[in-house]
Amino acid sequence: MGTGASISLCQSLSSVKVKQGGNKVGPEPQRIFGSPLDIVAKDTTHRSVPLVVQHTVEYLEDFGLNHKGLFRISGSAAKIRALRLKYDQGEEVDLVKEGDINSVASILKLFLNQLPTAVFPEELCTDIWAIFEVNKNCATEQTRCLKRLLSRLPEAHSRLACFLVRFLAKVAENSDVNQMTLENLAIVFGPTLFRIPCSPLAYKKQTLCNAMLLHMLQRHEDLFLESASKYFSPMEEQSQVQREPESREEPTKAEFPPPR
């Protein structure tokens with residue numbers, strides 16, 4: 001091998017080493033899907049729920065509340081993969097331009113399904129199941145039991161539970177159009193929010209969890225009364241901001257519809 005060839009080979013090897021080292025410079029973006037909730041919830045606004053949840057809920061409140069079969073029809077697999085990748089890489093996502101109602105709804109469910117620990121962890125639910133079932137004919141006692149459960153949730157899980165339940169209740173308000181009643185929403189989201197492992201009693205436990213979620217949706221104002229002022233959904237927060245500066249004046253009935 002001649003001198004020129006040796007120099008050329010050394011230069012090639014040198015450039016390869018530099019290129020490999022360059023790929024390792026700087027921290028990689030935090031993966032969103034499949035990461036613990038308390039970690040992904042740090043990169044949030046003052047509502048303190050994960051950005052992907054904020055974005056998807058805001059989009060669905062703007063465009064999806066009257067969409068027939070919301071959360072029951074799967075979105076485009078290609079769009080779901082593309083949106084997930086952008087969130088995982090920390091890129092800016094424009095759901096209006098890059099998504100559609102079914103794909104955005106699927107992204108929200110995918111994020112919740114891939115949490116390492118479900119929104120309602122099994123270990124916190126176990127001692128509530130029996131009490132909830134025993135008191136199935138007493139809604140007041142069931143509400144008391146659920147309040148006990150919610151008070152024991154980790155903070156990030158409690159915030160997300162409040163945010164999601166209030167949003168799903170809003171979806172059900174439009175069930176005459178979207179056909180997603182409280183019962184249907186409990187069936188769709190029960191396996192996602194309460195993740196029951198396979199066992200001979202799995203079906204019975206899941207049925208009970210769906211009933212618990214239905215009760216939460218029906219009594220969300222009582223269950224989340226203390227948290228409601230902290231965790232607004234995007235539409236609720238915008239409405240609250242609009243009311244505050246005008247509350248000093250004499251509002252008319254036309255300006256402010258009566259509370260539901």
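## A walk through an all-helix model

Start by selecting Lys 79 and Asp 100: they form a salt bridge, and their closest N and O atoms sit 3.0 Å apart. Lys 79 is in helix H4 (residues 77-88), while Asp 100 is in the loop between helix H5 (95-98) and helix H6 (101-113), so the link joins distant parts of the chain, 21 residues apart. A salt bridge here is a side-chain nitrogen of Lys or Arg within 4 Å of a carboxyl oxygen of Asp or Glu. Both ends are partly exposed: Lys 79 has 32% relative accessibility, and Asp 100 has 22%. For those labels, buried is under 20% relative accessible area, exposed is over 50%, and partly exposed is in between (1.4 Å probe, protein chains only).

Before going on, some ground rules. This is a predicted model, where local features need pLDDT of at least 70 and side-chain atom pairs count only at pLDDT 80 or more, although totals for chains, interfaces and linings use all residues. Residues are numbered from 1 along each chain as its sequence is written, and side-chain values use heavy atoms, with hydrogens and water left out.

**Zoom out**

Show the whole protein as a cartoon and you get 15 helices and 0 strands. Those come from DSSP runs numbered from the N terminus: H or I with at least four residues for helices, E with at least two for strands. Of the 260 residues, 42% are buried. Switch to a surface and about 15100 Å² is exposed, 53% of it supplied by carbon and sulfur atoms; the areas come from the Shrake-Rupley method with a 1.4 Å probe, and for residues only the protein chains shown count as cover. Take contacts (heavy atoms within 4.5 Å) between residues at least 6 apart in sequence, and 74% of them join residues at least 24 apart.

**Back to H4**

The salt-bridge count for the model is 5. Next, pick Arg 84 and Asp 88, another such pair, with closest N and O atoms 3.7 Å apart. Both lie in helix H4, 4 residues apart, about one turn of the helix. Arg 84 is partly exposed at 27% relative accessibility, whereas Asp 88 is buried at 14%.

Now add Lys 86 and Glu 98, a salt bridge with its closest N and O atoms 3.1 Å apart. Lys 86 lies in helix H4 and Glu 98 in helix H5, so this pair ties together parts that are 12 residues apart in sequence. Glu 98 is partly exposed, at 27% relative accessibility.

**Helix H8**

Select residues 139-151. That is helix H8, whose 13 residues should span 18 Å at 1.5 Å a residue, and its end C-alpha atoms are indeed 18 Å apart. (The expected span is 1.5 Å times one less than the number of residues.) Colour Gln 142, Thr 143, Cys 145, Leu 146, Leu 149 and Leu 150, the buried ones. Look down the axis of H8: these buried residues fall within an arc of 165°, so they line one face. The arc is taken from the directions from the helix axis to the C-beta atoms. On the face turned away from the buried side, find the exposed residues Thr 140 and Ser 151. For the packing partners of the buried residues, bring up helix H7 (122-134), helix H9 (155-172), helix H12 (202-218) and helix H13 (220-223).

**Cysteines**

Stay with Cys 145 and add Cys 138. Their sulfurs are 8.8 Å apart, too far for a bond, even though Cys 145 holds the closest cysteine sulfur to that of Cys 138. The whole structure has 0 disulfides, a disulfide being a pair of cysteine sulfur atoms within 2.5 Å. Cys 138 is partly exposed at 34% relative accessible area; Cys 209 is buried at 0%.

**Three loop stops**

Select Thr 117, in the loop between H6 and H7. Leaving out residues up to four places away in sequence, Thr 117 touches His 157 and Arg 195. Draw a C-alpha to C-alpha distance from Thr 117 to His 157 and you get 9.4 Å, across 40 residues of sequence.

Last, check some backbone angles. Most residues other than glycine have a negative phi. Phe 71, in the loop between H3 and H4, has a positive phi near 75°, and is buried at 3% relative accessibility. Gln 179, in the loop between helix H10 (175-178) and helix H11 (182-193), also has a positive phi, about 65°, but is partly exposed at 42%.
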